[in-house]
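Please walk me through this structure, beginning with its sheet and helices and ending with the ligand and a few residues in the loops.

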Amino acid sequence: MMPQQADKIVLASGNTGKIREIQAILSEQTIIPQSHFNLPEAEETGQTFIENALIKARQATALCQLPAIADDSGLVVDALDGAPGVISARYAGAHANDTENLQKVLQQLGTTPMTKRSARFICVIAFLRHPADPCPIIAQGAWEGQILFESKGENGFGYDPIFWLPEQNCSSAELSPEIKNKLSHRGQALQQFQHQLRHSSS
Ligand code: IMP
């Protein structure tokens, strides 16, 4: 029988930006990045954020024999038919870095006017208590914004410098980590996850 509250959770991610944000929000649990176990990155073969989050969490719980959490997230741009979507981390190629990926989004959008540059960050959190867990916890967050014409701000990671937040009047790379965690897709999904974990019976 699994404990009601999982104290130690493996985090199936090698992305230092994500690890930092997830550890800051999930302060009630001990979050151990999968790098501590030398786990390989799972192959993200799913077509949706939900599928990929489950694939990553399942591999981590199977190999570490601890409950595991995974985040699959990305940027969805309306004018690009939802791209980069699930391939956000490798939009400009398998080994592309954050700058190359965001430059590709800017180049694909070209002179598309601001009124047509709507986008959102999506985050799906999947939590499996063990590899055969038939009732994973799934939580999802969405953060609405627009794609800028050039980078702005130094904080965060990934596409943050080109993600404009009209209500905050700044890019997400100009927010402090604390404010970003309160507002972001990941912050929303993790709050929801905490709530579901506290109320889960298995
Ligand atoms: P994956 O979930 O590891 O497949 O990759 C997610 C990718 O989406 C990251 O590598 C970033 O490029 C992008 N992304 C996800 N969340 C954020 C965020 O909070 N800020 C900026 N980019 C993000």
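The paragraphs below go from the sheet to the helices packed on it, then to the ligand, and finally to single residues in a strand and in loops.

The model is a predicted one, and the sheet is a convenient place to begin reading it. Seven strands make up an open sheet, arranged in the order 2-1-3-4-5-6-7, and their pairing is mixed. Strand 2 (30–33) and strand 7 (170–171) stand at the edges with a single partner strand each, so one side of each has no neighbour in the sheet. Further in, strand 4 and strand 5 pair in the antiparallel sense over ten bridges, and among the residues involved Ile125 has Ala139, in strand 5, as its bridge partner. Helix 5 packs on the sheet, where it touches strand 3, strand 4 and strand 5, and its direction makes about 160° with that of strand 5.

Helix 5 spans residues 185–199, and its 15 residues reach 21 Å from the first C-alpha to the last, which is close to the 21 Å expected at 1.5 Å a residue. Just ahead of this helix, Ser184 caps the N-terminal end, with a side-chain oxygen lying 3.2 Å from the backbone nitrogen of Arg186. The buried residues of helix 5 are His185, Arg186, Gly187, Ala189, Leu190, Phe193, Gln194 and Leu197. These buried residues pack against helix 1 (16–25) and helix 4 (177–183), and also against strand 3 (68–77), strand 4 (118–128) and strand 5 (137–147).

Helix 1 also lies against the sheet, across strand 1 (8–11), strand 2 and strand 3, and runs at about 120° to strand 3. At the start of helix 1, a side-chain oxygen of Asn15 comes to within 2.9 Å of the backbone nitrogen of Gly17. Gly17, Lys18, Ile19, Glu21, Ile22 and Ile25 are the buried residues of this helix, and what covers them includes strand 1, strand 2, strand 3, helix 2, helix 4 and helix 5.

Which residues come nearest to the ligand? Of the 18 residues around the ligand, the nearest are Lys18, Asp160, Lys180, His185 and Arg186. In the case of Lys18, which is one of the buried residues of helix 1, an N or O atom of the side chain is 2.7 Å from an oxygen atom of the ligand. His185, which is among the buried residues of helix 5, has a side-chain N or O atom 3.1 Å from a nitrogen atom of the ligand. Tyr159 takes part through its backbone, where an N or O atom lies 3.1 Å from a nitrogen atom of the ligand.

Is Arg186, in helix 5, buried or exposed? Arg186 has a relative accessibility of 1%, and because buried means under 20%, Arg186 counts as buried. Not counting residues up to four places away in sequence, Arg186 touches Lys18, Glu21, Ile22, Asp71, Ser73, Cys123, Phe157 and Lys180. Of these contacts, Lys18, Glu21 and Ile22 are themselves buried residues of helix 1, while Lys18 and Lys180 are also listed with Arg186 among the residues that come nearest to the ligand.

A second arginine, Arg120, lies in strand 4. Arg120 counts as buried at 17% relative accessibility, and a polar contact of 2.9 Å joins its side chain to that of Asp78. Leaving aside neighbours within four places in sequence, Arg120 is in contact with Gly74, Leu75, Val76, Asp78, Trp143, Glu144 and Phe163.

The loops hold some backbone details that deserve a careful look. Asn38, in the loop between strand 2 and helix 2 (49–64), has a positive phi of about 55° although it is not a glycine, and at 69% relative accessibility Asn38 counts as exposed. Asp81, in the loop between strand 3 and helix 3, likewise is not a glycine and has a positive phi of about 55°. With a relative accessible area of 78%, Asp81 is exposed. Pro84 also lies in the loop between strand 3 and helix 3 (98–109), and the peptide bond that leads from Ala83 to Pro84 is cis, with omega near -5°.

How values were computed: Residues numbered from 1 in each chain as written. Predicted model: local features only at pLDDT ≥ 70, side-chain atom pairs only at ≥ 80, totals over all residues. Heavy atoms only, no water. Helix = DSSP H or I, 4+ residues; strand = E, 2+ residues; numbered from the N terminus. Expected span 1.5 Å × (residues − 1). Buried < 20%, exposed > 50% of the residue type's maximum accessible area, 1.4 Å probe, protein only. Contact = heavy atoms within 4.5 Å. Polar contact = N/O pair within 3.5 Å; in protein donor to acceptor, adjacent residues only side chain to side chain. Pairing = 2+ DSSP bridges. Axes fitted to C-alpha atoms, helices over the stretch in contact; angles between N-to-C directions. Near = heavy atom within 4 Å.
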